[in-house]
Amino acid sequence: MNEKLSSNRNDHDHDRLFPADPNTRGLARDLYQRVADAPIVSPHGHVPARWLAEDTPFPDPAALLVSHDHYVTRLLHASGVDLASLGLGGHAVDPREVWRIFAAHWHLFAGTASGYWIEQELRAELKIDTPLTPATADGIFDHIHELLGTAEFRPRALFERFGIEVLATTDDPLDDLADHAAIARSGLAGRVLPTFRPDRYLDPDAESFSLNVNRLLAATGEPATFVGYLSALAARRQHFIGHGAVSADHGVEELVTVEMSDADAERLFRVVIGGGASQQDRRAFTGHMLLRMAQLSIDDGLVMTIHAGVVRNHHTETHRRFGADTGHDFPRRTDFVGGLRPLLERFGLERDFHLVLFAVDETVYSREIGPMASFYPSVYIGAPWWFLDAPDAMLRFRSAVTESAGFSRGSGFIDDTRAFLSIPARHDTARRTDASFLARLVVEGRISVAAAGAIIDDIVGPQPKRVFKL
């Protein structure tokens with residue numbers, strides 16, 4: 001390839017994502033510079049701990065930027081690309097061919113959040129100025145592949161170069177967390193924390209639910225009773241806490257919490273485990289277990305996070321062929337005020353209970369989550385997540401919640417990513433959009449320059465550390 005494949009990060013557009021108005025843009029630039037190089041605190045994400053424990057080089061550019069990123073694969077699929085040709089579902093593929101497919105469709109990502117992130121990864125991390133096209137695909141592939149063979153691009157080296165202070169993974173309750181123990185022994189400059197994710201053990205509609213519960217009981221030696229079931233979950237949470245966990249994460253399609261007596265819970269547990277529960281019974285059990293998980297968070301101190309309102313595996317045949325997390329999970333309307341009322345009636349005023357609410361239903365931020373966080377000391381507003389973790393959506397989010405709850409009731413940014421190389425680009429995006437929003441408030445005379453500086457300093461580090469008890 002004849003085109004130049006190197007660039008300096010500082011040569012790229014310094015003012016990307018900042019307002020067009022020169023005065024506001026200047027203020028945004030100044031605010032951003034305060035936090036541009038601040039350490040990254042990432043209290044929720046999906047990077048496998050194994051990558052950092054084994055420090056194995058990323059195999060190729062396709063695995064690094066395409067195959068593991070459902071933001072990318074879903075849009076390719078919408079444009080007629082078979083997911084099998086991208087290597088999903090265990091299909092054997094030539095990574096160079098995957099990259100060529102990606103390059104041939106790269107123009108489709110213009111204006112998307114994933115397109116923006118990947119553009120930043122190519123320029124800032126991989127030192128590539130050349131536009132990605134079918135004609136340049138092979139040269140860029142070779143350049144990236146060569147970089148991936150160097151010590152500087154192994155996972156631990158990237159982790160330290162990115163300035164990651166805290167990175168949380170998302171883990172099955174029965175994981176032995178050996179990878180986290182290995183990372184802790186490795187001398188890595190930063191903390192990698194497990195996160196307790198018990199959905200498949202709490203939701204009777206989850207695949208193999210009864211089998212999973214029986215595995216949980218067998219692993220902990222607890223009896224097949226509701227009390228034993230709760231004790232087993234509590235024991236596994238303690239295992240996670242012993243390995244540094246600070247939060248328990250819950251993903252639910254419909255947000256429902258249900259109060260019931262111990263006797264009713266025992267009866268319902270037996271019906272659900274036996275496989276004879278009605279849809280109403282299964283819904284009630286899931287709702288009750290969410291409430292019980294709040295009680296466990298009060299008991300053991302784990303922050304409770306809820307990612308609500310997603311219909312998982314929307315296309316059955318795609319799920320059968322390629323498995324979960326392959327691009328066909330979609331948002332739905334969510335009722336936080338009604339769904340959480342039983343839980344908050346009981347626990348909402350508990351002093352050390354932290355409940356972080358994440359939504360992909362954009363309308364609930366101003367209508368429900370912001371107002372709830374402005375009353376309940378336990379409730380925090382989760383950062384824009386998934387379909388909303390894009391520059392314009394982040395600005396809408398700030399407008400939606402700030403007037404009711406201010407800045408102090410937020411979680412700080414979370415990147416929620418499986419695409420390891422995108423972590424700095426995603427956090428940089430959040431910092432730039434927050435700087436832009438704060439600059440507008442200053443220009444409009446709504447806050448002072450000093451206040452804006454103090455706020456942006458807080459939300460990139462101290463705030464997520466407080467909320468997630470770091």
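Start the tour at D55, which sits in the loop between α2 (49–54) and α3 (61–67); keep in mind throughout that the model on screen is predicted. D55 is not a glycine, and yet its phi is positive, at about 55°. Is D55 buried or exposed? With a relative accessibility of 13%, D55 counts as buried, because the limit for that class is under 20%.

Next select H107, in the loop between α5 (95–104) and α6 (113–125). H107 has a relative accessibility of 56% and therefore counts as exposed, the cut-off for that class being over 50%. If you display the side chain, you will find one of its polar atoms 3.5 Å from the backbone oxygen of A104. A distance drawn from the C-alpha atom of H107 to that of F397, a residue 290 positions away along the chain, should read 28 Å.

Move on to R197, in the loop between β3 (191–193) and α10 (199–202). R197 is buried, its relative accessible area being 17%. Which side chains make polar contacts with the side chain of R197? One is that of D199, at 2.6 Å, and another is that of D249, at 2.5 Å. Leaving out neighbours within four places in sequence, the residues in contact with R197 are H46, T170, D171, D172, P173, D249, H250, G251 and R312, so D249 appears both in this list and as a polar partner through its side chain, given that contact means heavy atoms within 4.5 Å.

Now select H354, in the loop that runs between α16 (336–347) and β8 (355–359). H354 is buried, at 12% relative accessibility, and its side chain reaches the backbone oxygen of V467 at 2.8 Å. Not counting residues up to four places away in sequence, H354 touches V303, M304, S378, Y380, R466, V467 and K469.

From there go to W386, in the loop between β9 and α18. W386 is another residue other than glycine with a positive phi, here near 65°, and W386 is buried, with a relative accessible area of 6%.

Colour helix α18 next, which covers residues 391–405. Its 15 residues, at 1.5 Å a residue, should span 21 Å, and the end C-alpha atoms are 21 Å apart, which agrees. The buried residues of α18 are P391, A393, M394, F397, R398, V401, T402 and A405. An α-helix has 3.6 residues a turn, so residues three or four places apart point the same way. Where do the buried residues of α18 pack? They lie against α17 (364–373), β9 (379–381), α19 (423–443) and α20 (449–459). Just after α18 comes G406, with a positive phi near 70°.

Finish with the cavities, of which a search of the whole structure finds four of 30 Å³ or more. The largest cavity holds about 230 Å³ of space. Of the 21 residues lining the largest cavity, select R398, G412, F413, A430 and D434, which are the closest to its centre. The elements that give two or more residues to this lining are α18, α19 and α21 (462–467), and α19 gives the most, with five residues. Colouring the lining by class would show 12 nonpolar, six polar and three charged residues. R398 links these last two stops, being among the buried residues of α18 and among the residues closest to the centre of the largest cavity.

Conventions
Residues are numbered from 1 along each chain as its sequence is written. This is a predicted model: local features need pLDDT of at least 70, side-chain atom pairs count only at pLDDT 80 or more; totals for chains, interfaces and linings use all residues. Side-chain values use heavy atoms; hydrogens and water are left out. Helices (H or I, at least four residues) and strands (E, at least two) are DSSP runs, numbered from the N terminus. Buried means under 20% relative accessible area, exposed over 50%, partly exposed in between (1.4 Å probe, protein chains only). A polar contact is a pair of N or O atoms within 3.5 Å; within protein, one must be able to donate a hydrogen and the other to accept it, and residues adjacent in sequence count only if both atoms are side-chain atoms. The expected span of a helix is 1.5 Å times one less than its number of residues. On a 1 Å grid over the protein atoms alone, a cavity is a set of points where a 1.4 Å probe fits but cannot get out, and a pocket is an open set with protein on both sides within 12 Å along at least five of seven lines; lining residues have an atom within 4 Å of a point. Grid points are joined across faces, edges and corners, and a volume is the space filled by probe spheres set on the points. Ala, Val, Leu, Ile, Met, Phe, Trp, Tyr, Cys and Pro count as nonpolar, Asp, Glu, Lys and Arg as charged, and the others, Gly among them, as polar.
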